[in-house]
Amino acid sequence: MTATTEPTGSPDRFSPEPAVLVLEDGTRYRGHAWGARGTTLGEMVFTTGMTGYQETLTDPSFAGQIVAMTAPHVGNTGWTGQDDESRDVFVEGFVVRDPAPRPSSWRSEQPLEGVLAERGVVGISGVDTRALTRHLRDRGAMRAGIFSGPAGERPVTALVDEVRAAPAMVGRELASAVTTPEPVVVPAQGEHRFTVAALDLGIKSNTPRLLAARGIEVHVLPAESTLEELRAVPGVTTPDGPDGVFFSNGPGDPATADEAVALLRGVLEQGIPFFGICFGNQLLGRALGFGTYKLDFGHRGINQPVMDRTTGKVEITAQNHGFAVDAPLDAVVTAPHDASLGRVWVSHVCLNDQVVEGLEMLDRPAFSVQYHPEAAAGPHDSEYLFDRFVELMTTRSAADRSAQIAALTTAGESR
Ligand SMILES: NC(=O)CC[C@H](N)C(=O)O
């Protein structure tokens, strides 16, 4: 059935040009053309962060996705080049309720809509984003299109057909489209303690920044790098290879990243300390032999509660993922892919829905989290993970988690 939702309340006062957001199930939301005019297609997702629209727009993990902000008033602080999380805007389209008519911040260099228009990002304003979010929450993530200008004047059936012809997120490989074309070195701040090879699957700038702040020189490498290229990065403590390897966040379906998974297996076999974030966590899961699956509507926002099972502390986290690792929560598992990799446990769990939010190997120096400890934008509760990586590169061996695991087993038995 086709439903139409008209915007309510005060519509965007600034664009008389119509635009329409069409979902693959036929639902449509009318609004106003905002940013670039034309057609854009992608997976429709929502993010609940009240702040951080610029960091969201420049997070390469959003490639292939049309993002709706649940925060109603967007653009208030304009655009500040210094806050970019990467070299471009990567979202496929942008859906907002009520854009600020002009920025109000001494740091702003440009209004948000100007940046969107300049970079060809098709947007729509005046949409009831709460109704859209409830719809996606009930029906799941789905493909969508924003149409404005002459493209939006065609019959709705033609627009729905166009949306349905767009590629689905499941099975989509996007890391190669967003990765750095050339290696980039981010120098260590202060004493140069370690050098890390960071595989750029869609990395955000704040990650090398937080590593560099801990005395780590970061070599950001293209996604298609080989094990030899990773090992050619000389470490401080290990001159025949980097002190550690990092795999970043990134867009697309982790099930497509076979080459990066094979690369990571090589890293693990050689015992090089490893840290992964988001896509990097999904790839550690896959390297160990677990599957990944699509969440109904994903976790996107900056207030998601996660339990760190090592300390028992709950942290408020920034998240942006539509897929997750399928690993058992209450058991220590020997890597299903290859028993010689040793044991692994789920180190972090999402308290909203018990989704796996972190993995830690117990016999090798490797761990990863599904959420964003670099948190730009977001809370800073999880920065300790960068210190754990430093500790791992210092000891070069897995930490002892036997007490935590014994507690977990006892809790499991008493249920
Ligand atoms: N931020 C990320 O790295 C996202 C990973 C993956 N593309 C997902 O949606 O789950």
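**Exercise 1. Decide whether C278 is buried or exposed, and find what surrounds this residue.**

Step 1. Count neighbours: C278 has 29 other C-beta atoms within 10 Å, so C278 is buried. The scale calls a residue buried if 20 or more other C-beta atoms lie within 10 Å of its own, exposed if 12 or fewer, and partly exposed in between, with C-beta atoms placed from the backbone.

Step 2. Note the ground rules. This is a predicted model, where local features need pLDDT of at least 70, side-chain atom pairs count only at pLDDT 80 or more, and totals for chains, interfaces and linings use all residues. Residues are numbered from 1 along each chain as its sequence is written.

Step 3. List contacts (C-beta atoms, placed from the backbone, within 7 Å). Leaving aside neighbours within four places in sequence, C278 touches S61, N249, H321, Q370 and H372.

**Exercise 2. Which residues does UniProt annotate as "active site", and how far apart do they lie?**

Step 1. The unreviewed UniProt entry names C278, H372 and E374; such annotations may be inferred rather than shown by experiment.

Step 2. These residues are spread over 97 residues of sequence, yet they cluster in space, with a largest C-alpha distance of 10.8 Å.

Step 3. Look at H372: with 26 C-beta neighbours inside 10 Å, H372 is buried too. Among its contacts beyond four places in sequence are C278, N249 and N320.

**Exercise 3. Where do the "binding site" residues gather?**

Step 1. The unreviewed UniProt entry lists S61, G250, G252, F279, Q282, N320, G322 and F323.

Step 2. They span 263 residues in sequence, but no two of their C-alpha atoms are more than 13.2 Å apart, so they gather at one spot.

Technical notes. Two residues are in contact if their C-beta atoms, placed from the backbone, lie within 7 Å.
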